[in-house]
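Dear colleague,

Here is the structure I promised to hand over to you. Please open it beside this message, and then read the notes that follow it.

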Amino acid sequence: MRTAAIVAMMLVAVSARAETAEQFFDQANQAYQQGKFSEAIEKYEMILETGLVSGELYYNLGNAYYKAGNVGKAILNYERALRLLPGDEDILHNLQLANLMLTDRIEPTPRLFLWDWWDDVKGAFSLKGITWVGYLFFLLLLGSVAAIMLAPTYALRRMAFAVTLGSALLLVVSLVIFFGKLNDVERSDVAIVTANITTVKNSPDPKSTDAFVLHTGVKVFITDKVNDWLKIRLADGKVGWMEQGACEVI
């Protein structure tokens with residue numbers, strides 16, 4: 001009885017939280033349509049504080065920040081939305097528009113084409129989507145193994161064996177993509193500069209010499225951390241140290 005009561009209380013709490021989030025979402029959308037972008041941002045952020053996230057929520061929040069003129073926050077939320085909804089044309093389009101407004105133009109260093117191909121493969125699936133693909137191949141593998149054992153003729157067993165090999169190979173491929181995708185979704189070493197302007201230092205010390213200056217919206221890769229300082233690398237290979245509060249992890 002006690003366990004059932006606890007479960008019931010948890011379900012009620014989740015239901016209430018979802019209902020509150022839905023109300024905030026409707027209020028935020030209404031505020032956005034009325035041009036009250038600051039109010040819309042506040043409501044969307046309140047939903048995130050409840051622990052509920054979605055690609056659509058991050059996308060709408062990115063739009064609100066974009067309309068409010070905060071390009072850094074807009075790019076941050078578009079990038080977060082893209083992790084949950086890879087390949088979404090609206091998100092990609094708006095992210096491209098936001099990137100055109102950046103002050104800093106970072107030209108990435110060339111890399112082996114295989115890495116670009118691998119990124120394209122992972123980008124073709126959402127985490128949920130590749131999970132279902134792997135599950136279907138697993139069921140197909142189990143079914144084909146059962147068919148080998150139960151097939152009444154040698155020809156059917158050969159066919160089932162071929163299906164087994166194919167489904168096993170596809171299952172392995174889907175698992176590789178799944179773990180690659182999971183790593184991308186959960187990685188915490190990529191951030192967006194959200195400060196209007198920040199000076200990157202040559203060492204984690206405010207008295208250190210300046211390395212270069214970054215403006216809002218630039219994507220950085222975190223390679224180390226010392227106290228409140230982050231060692232970052234840009235897509236063009238530049239490295240330096242910046243204060244932690246100047247950026248937010250995607």
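**What was found**

At 28% relative accessibility, Asp-189 counts as partly exposed, a class that lies between buried (under 20% relative accessible area) and exposed (over 50%), judged with a 1.4 Å probe and protein chains only. Its salt-bridge partner is Arg-187, with the closest N and O atoms 2.7 Å apart, and Arg-187 is also partly exposed, at a relative accessible area of 30%. The term salt bridge is used here for a side-chain nitrogen of Lys or Arg within 4 Å of a carboxyl oxygen of Asp or Glu.

Before going further, please keep in mind that this is a predicted model, in which local features need pLDDT of at least 70 and side-chain atom pairs count only at pLDDT 80 or more, while totals for chains, interfaces and linings use all residues. Residues are numbered from 1 along each chain as its sequence is written, and side-chain values use heavy atoms, with hydrogens and water left out.

The predictor's confidence in each residue, called pLDDT, runs from 0 to 100; its mean for the protein is 88, and 92% of the residues reach 70 or more. Residues 1-14 should be read with care, since pLDDT stays under 50 there, and the model has 0 contacts for them beyond four places in sequence, a contact being heavy atoms within 4.5 Å.

**Salt bridges**

How many salt bridges does a search of the whole structure find? The search finds 7. One of the pairs is Asp-184 with Lys-122, whose closest N and O atoms are 2.9 Å apart. Asp-184 lies in helix H8 (residues 154-186) and Lys-122 in helix H6 (residues 113-123), so this pair ties together parts that are 62 residues apart in sequence; helices (H or I, at least four residues) and strands (E, at least two) are DSSP runs, numbered from the N terminus. Both Asp-184 and Lys-122 are buried, the latter at 7% relative accessibility, and Lys-122 also touches Gly-180 and Lys-181, when residues up to four places away in sequence are not counted.

Another pair joins Asp-210 to Lys-201, the closest N and O atoms being 2.6 Å apart, and here Lys-201 is buried, with a relative accessible area of 13%. In addition, Lys-73, Arg-80 and Glu-248 are joined into one network by salt bridges that share partners.

**Cores and surface**

The largest nonpolar core (buried Ala, Val, Leu, Ile, Met, Phe, Trp, Tyr and Cys residues joined through side-chain atoms within 4.5 Å) has 30 residues, and among those with the most contacts inside it are Tyr-44, Leu-61 and Tyr-78. H4 supplies the largest share of this core, 7 residues. Apart from it lies another core, of 14 residues, among them Val-193 and Cys-247.

On the surface, Trp-132, Tyr-135, Leu-136, Phe-138, Leu-139 and Leu-142 form a nonpolar patch with about 620 Å² of accessible area together. Such areas come from the Shrake-Rupley method with a 1.4 Å probe, and for residues only the protein chains shown count as cover. Patches are made of residues with over 30% relative accessible area and no salt bridge, where like charges are joined within 9 Å and nonpolar side chains (Val, Leu, Ile, Met, Phe, Trp, Tyr) within 5 Å. Leu-136, in helix H7 (residues 127-150), is exposed, with a relative accessible area of 53%.

With best wishes
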